[in-house]
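Here are my notes on the two-chain model you sent over. I've kept them as numbered points so you can click through the residues as you read.

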Amino acid sequence: MTPKFKVGDRVVVKDQTSLFHTRTQAFVRNQEGTVVEHRPDWVIPEDEAFDKLETGRKEPFYVVRFKQTDLWPRYTGFAVDTLETECAEGWLRPAGKNE
Amino acid sequence: MTTADQARFQTLTDGLAKIAPAEHDVQDSPYTITNAQYDVLRHVLHDVGGQPALSVPYLEKGEEAWEMNTYVTCECLGWRGAWNSEMRRRAEVDLGETQYFGYPYYARWLTVAAKVMVDKGLIPLDELCDRIDQVRDRLQEERK
């Protein structure tokens with residue numbers, strides 16, 4: 001599967017409704033970050049979590065890097081501090097565009 | 001990102017803090033709730049962050065035998081096709097916040113391992129409970 005985003009691309013994590021289970025942390029929703037690594041295609045959590053490891057839909061995954069000061073209103077660390085997390089492609093949209 | 005997004009996330013985490021172990025809002029199946037309260041109640045727990053927390057003291061702690069036995073049991077259940085890691089995480093979230101926050105980390109694993117075995121029909125619930133009682137009786141006898 002050809003990844004939609006390149007390393008270095010600015011992306012925003014979608015703020016899709018979550019019910020029952022999610023791998024997309026609440027604190028990265030609607031936050032803008034940078035793609036820093038491609039991860040192998042894998043079954044999306046929405047399928048894997050419901051016993052569809054063999055038959056689930058696969059997507060490219062990305063490591064996305066955020067600035068800690070963007071994520072936490074009360075962050076007291078250094079301005080250069082970052083946080084990285086993994087997202088399936090379906091949870092990302094290009095930065096600077098509305099959904 | 002924007003101040004509005006930060007404020008919104010702060011509202012969510014502040015709301016979650018109210019139903020975390022330290023403090024409680026009274027919850028007695030109210031006739032109505034606000035949309036904000038619905039967002040809080042619908043919030044999905046996540047095992048790698050995002051929950052409100054107080055500062056945690058750093059303690060040196062080695063892994064105990066029961067913890068590693070739990071880990072191996074869960075891996076074997078995966079190897080034999082009973083579940084995968086994502087199903088385990090979902091099952092932990094399904095416990096609800098009281099048990100999720102109340103159990104030690106590997107007690108959560110152990111509880112949901114039992115749950116998946118019952119869900120998959122690998123052991124009937126009454127047989128599992130009988131075995132738990134047998135083991136408890138045996139251990140109590142041994143410790144006399």
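**Notes on the model**

1. Let's begin with A:Val64. Setting aside anything within four places in sequence, A:Val64 is in contact with A:Val11, A:Gly33, A:Thr34, A:Val35, A:Glu84, A:Thr85 and A:Cys87. Keep in mind that this is a predicted model. A:Val64 sits in strand S3 of chain A, which covers residues 58–67. One partner from that list deserves a look: A:Thr34 is 30 residues away along the chain, yet the two C-alpha atoms are separated by 5.4 Å.

2. Is A:Val64 buried or exposed? It counts as buried, because it has 26 C-beta neighbours inside 10 Å, and the cut-off for that label is 20 or more.

3. Now the sheet around it. Chain A has an open sheet of five strands, ordered S4-S3-S2-S1-S5, with antiparallel pairing. Strands S4 (82–88) and S5 (92–94) of chain A are the edge strands; each has a single partner strand, so one side of each has no neighbour in the sheet. From one strand to the next, the twist averages 40 degrees.

4. If you want to check the register, take S1 of chain A, residues 10–13, as the starting point. Three bridges tie it to S2 of chain A (residues 32–43), and the two run antiparallel. Across that pairing, A:Val11 stands opposite A:Gly33, and A:Val12 stands opposite A:Glu32. S1(A) is also joined to S5(A) by three bridges, again antiparallel. There A:Val12 stands opposite A:Arg93. So what does A:Val12 face in S2(A) and in S5(A)? A:Glu32 in S2(A) and A:Arg93 in S5(A).

5. Next comes the pairing of S2(A) with S3(A), which is antiparallel over seven bridges. A handy marker here is A:Glu37, which stands opposite A:Val63 in S3(A).

6. On to the packing. In soluble globular proteins, nonpolar side chains tend to be buried together. The largest nonpolar core in this model has 18 residues, and the members that touch the most others are A:Val13, A:Tyr62, A:Val64, A:Cys87 and A:Leu92. S1, S3 and S4 of chain A are the elements that give two or more residues to this core. Which of them gives the most? S3(A) does, with four residues.

7. A:Cys87 is worth selecting too. Leaving out its neighbours within four places in sequence, A:Cys87 is in contact with A:Val13, A:Thr24, A:Phe61, A:Tyr62, A:Val64 and A:Leu92. Apart from the largest core lies another, of seven residues, including A:Ala49, B:Cys74, B:Leu77 and B:Val112.

8. About the interface: 18 residues of chain A are in contact with 18 residues of chain B. On the chain A side, the residues touching chain B are eight nonpolar, six polar and four charged.

9. For chain B, the domain assignment gives domain 1 as 3–42 and domain 2 as 65–142. The C-alpha centres of these two domains of chain B lie 30 Å apart.

10. Lastly, two backbone angles I'd flag for your own look. A:Asp51 has phi near 65 degrees, which is a positive value in a residue other than glycine. A:Asp51 lies in the loop between helix H1 (45–48) and S3 of chain A. A:Asp51 comes out as partly exposed, because 19 other C-beta atoms lie within 10 Å.

11. The other one is B:Ser29, whose phi is positive at about 45 degrees although it is not a glycine. Where does B:Ser29 sit? In the loop between helix H1 (3–19) and helix H2 (35–42) of chain B. B:Ser29 counts as exposed, because it has 5 C-beta neighbours inside 10 Å.

Key
Residues numbered from 1 in each chain as written. Chains lettered and ligands numbered in written order. Predicted model: local features only at pLDDT ≥ 70, side-chain atom pairs only at ≥ 80, totals over all residues. Contact = placed C-beta atoms within 7 Å. Nonpolar A, V, L, I, M, F, W, Y, C, P; charged D, E, K, R; others polar. Domains from an automatic or database assignment. Buried ≥ 20, exposed ≤ 12 C-beta atoms within 10 Å, placed from the backbone. Pairing = 2+ DSSP bridges. Axes fitted to C-alpha atoms, helices over the stretch in contact; angles between N-to-C directions. Core = buried A, V, L, I, M, F, W, Y, C linked by C-beta atoms within 7 Å.
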